[in-house]
Amino acid sequence: MSEAPPLLTYPNRAHEATHCDRMGVRARLLGVAAASAGKCRVLDLGCAGGANVVAMALDLPESEFVGVDLSSKEIATGHALIETLGVKNVKLSVANVMDVTRASVGGDFDFIVAHGLYSWVDKAAQAKILAIFGELLAPNGVAYVSYNTLPGWYTRAKARDLMLYHTASIADPHKKIEQGLASLKWLADAVGDTTSYGRDMAAELALLRATNEGYIFHEHFVDTSAAYFHEVAAAARAVGLQFLVESEATTTPLESLVPSVRDLLAKLDDPVKVEQYIDFVTDRRFRATLFCHADRKVNRVLDVGVVESGWISAACAIEGDALDLSDAHVTLASPQGARAQIAQPLLKLAFGILATRAPEPMTLAALVEATRARLALSPRASALADAATRLHAELANAILRLSMFGFVKLRGFAPKVTALPSERPIARPIAREQAKDDAIATNVWHETVGMTPIDRAVVQLLDGSRDRDALVRETKASRAEIEATLARMGRAGVLVG
Ligand SMILES: C[S@@+](CC[C@H](N)C(=O)[O-])C[C@H]1O[C@@H](n2cnc3c(N)ncnc32)[C@H](O)[C@@H]1O
């Protein structure tokens, strides 16, 4: 396989679900003793411009990161990023996955990532990606592979096939995208919204319009494929791996499924079959799956000890007054669209405190203490005294469950972050660099945060050397705009000081 022609490059971004700490936490919740993110080795296959590993490496200086990609242009971008940021613990090289060996990447790994790669390569390379997992994963290692899944991807394939057919004679990638989207709009308008087909095409169009050219090009105008989850799981099993869990937040709680589906799933003892039936029911189109060695014991009852020893921060919006200690419920809304209600006054109070401090993480012990301290000041203190004694255990279980659905972030280490900008604010170094030529920043949770032109102008300058007056002078923005940017970037987990 030769290097791809340098058309549109894929956006050089980090992906939350690929973070080694997130993978490690998910594995430990299921009883697999994955390495600590603070001291581990990570391999990123098809790493493109390296932002994914560089962002992790900056927060985890004692861990080692290796990335390979077929494209010399992408790797050159990565080398420039490493050089600018002075990163010492990342090694990127040009390589085809087909040629990866233990010697070529310098040994075994605690975590191996293949994001946006499996569905982009042919069957031989897909088999090789899984073989690399089987051969190069440490005994308690965790591998991540994302891929387009059937049956949901069939819908996307219809839009894609039209766009490919309509633009077959166009070489220029910008024109291809423009004409491809125009043809999809033509189709959606022609079919109308009275049929599910028309609604699907309109939804696909809206989704693509909300993304960027690099994404659309690599999603729809290069060769890609899709597979059923059970097919990928079987291929992984053939090289000595087993399905662990999905890395992305769960969007389909079992309770949300109708009784006939729950009844069927309850009769199954194979997690792969359970997941596959859920994919049929939810028409799933994408997965980010974690695998581990088949000889590891996976405990499907989540280990609450991971909450006890970890760091927790709120990722959800809270609708209602969480701090009032009344019996009225509040609703938690996750970034993935999940919703959960909490009525227990002390659990509400704890989540309210966590949300007030977000994105800063707290330990469970500190959160329990802060909640009890606040309760002590309330007229309801004696009425809730019993509940206060049960708080530690109840909160741990609530966090355990809510973390799987993306309402709270559960981490194995405490990354540096602050919601409150100092007198001379400091942004994450990777964000300062990203702000120079992109409208996104990678935040403390390895998520992508959008930036306005003013945000970008400000974030680039946040190296701790400038106060507000200097920021006003150098950006020509108003004081109020500077404050708004700092507040927004602080809440979004982009600031460290
Ligand atoms: C869709 S991009 C995803 C990049 C990155 N992992 C991400 O998710 O942001 C796919 C990347 O895989 C690389 N690639 C494709 N085939 C490859 C191969 N056989 N060996 C190594 N890299 C490959 C491409 O050059 C490209 O950078």
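**Strand pairing, salt bridges and overall fold**

Strand β11 (residues 330-333) is joined to β10 by three bridges, and the two run antiparallel. This pairing is a convenient place to enter the structure, which is a predicted model. Within the pairing, Ile318 has Leu332 of β11 standing opposite. Both strands belong to an open sheet of three strands, ordered β10-β11-β12 and paired in the antiparallel sense. The edges of this sheet are taken by β10 (317-319) and β12 (339-342); each has a single partner strand, so one side of each is left without a neighbour in the sheet. On average, neighbouring strands here are turned by 25° against each other, direction ignored.

A parallel arrangement is found around strand β4. This strand spans residues 109-114 and is mostly covered, six of its six residues being buried. One of its pairings is with strand β1 (residues 41-45), in the parallel sense and over three bridges. Here Val113 in β4 stands opposite Asp44. Strand β5 (residues 137-150) also pairs with β4 in the parallel sense, over five bridges. In that pairing, Phe111 has Val142 of β5 as its bridge partner. The connection can be followed through the chain as well: β4, helix α5 (residues 123-136) and β5 make up a right-handed β-α-β unit.

Turning to charged side chains, the structure holds 30 salt bridges. One of them is formed by Arg411 and Asp21, whose closest N and O atoms are 3.3 Å apart. Arg411 belongs to strand β13 (residues 408-411) and Asp21 to helix α1 (residues 20-29), so this salt bridge ties together parts that are 390 residues apart in sequence. Both Arg411 and Asp21 are buried.

Arg411 also appears in the surroundings of Gly310. This glycine is found in the loop between α13 (305-309) and β9 (311-314). How far is Gly310 buried, as a relative accessible area? The value is 3%, and Gly310 counts as buried because the cut-off is a relative accessible area under 20%. When neighbours within four places in sequence are left aside, the contacts of Gly310 are Met362, Thr363 and Arg411. Another position gives a sense of scale: Leu137 is 173 residues from Gly310 along the chain, and their C-alpha atoms are separated by 24 Å.

A further salt bridge pairs Asp455 with Arg488, with an N to O distance of 2.5 Å. The two residues link distant parts of the chain, Asp455 lying in helix α18 (residues 453-459) and Arg488 in helix α20 (residues 479-491), 33 residues apart. The partners can also be described by their accessibility. Asp455 counts as buried at 1% relative accessibility, whereas Arg488, at 39%, counts as partly exposed. Elsewhere, salt bridges that share partners join Glu246, Glu275, Asp279, Arg284 and Arg287 into one network.

The salt bridge between Arg296 and Asp295 has an N to O distance of 3.1 Å. Is Asp295 buried or exposed? With 60% relative accessibility, Asp295 counts as exposed. Its partner Arg296 has a relative accessible area of 25% and is partly exposed.

These local features sit within a chain whose secondary structure comes to 20 helices and 15 strands. The radius of gyration of the protein chain is 24 Å, close to the 23 Å that the globule rule gives for 497 residues, so the chain is as compact as a globular protein of that length. Taken along the principal axes, the C-alpha atoms fill a box of roughly 75 × 65 × 55 Å. Of the 497 residues in the protein chain, 52% are buried. What share of the contacts between residues at least 6 apart in sequence join residues at least 24 apart? In the protein chain, that share is 75%. The salt bridge between Arg411 and Asp21, tying together parts that are 390 residues apart, gives an example of a link across the sequence.

Notes. Residues numbered from 1 in each chain as written. Predicted model: local features only at pLDDT ≥ 70, side-chain atom pairs only at ≥ 80, totals over all residues. Heavy atoms only, no water. Salt bridge = Lys/Arg side-chain N within 4 Å of Asp/Glu carboxyl O. Helix = DSSP H or I, 4+ residues; strand = E, 2+ residues; numbered from the N terminus. Buried < 20%, exposed > 50% of the residue type's maximum accessible area, 1.4 Å probe, protein only. Pairing = 2+ DSSP bridges. Axes fitted to C-alpha atoms, helices over the stretch in contact; angles between N-to-C directions. Right-handed = clockwise from strand over helix to strand, strands pointing away. Rg over C-alpha atoms; globule rule 2.2 N^0.38 Å. Contact = heavy atoms within 4.5 Å.
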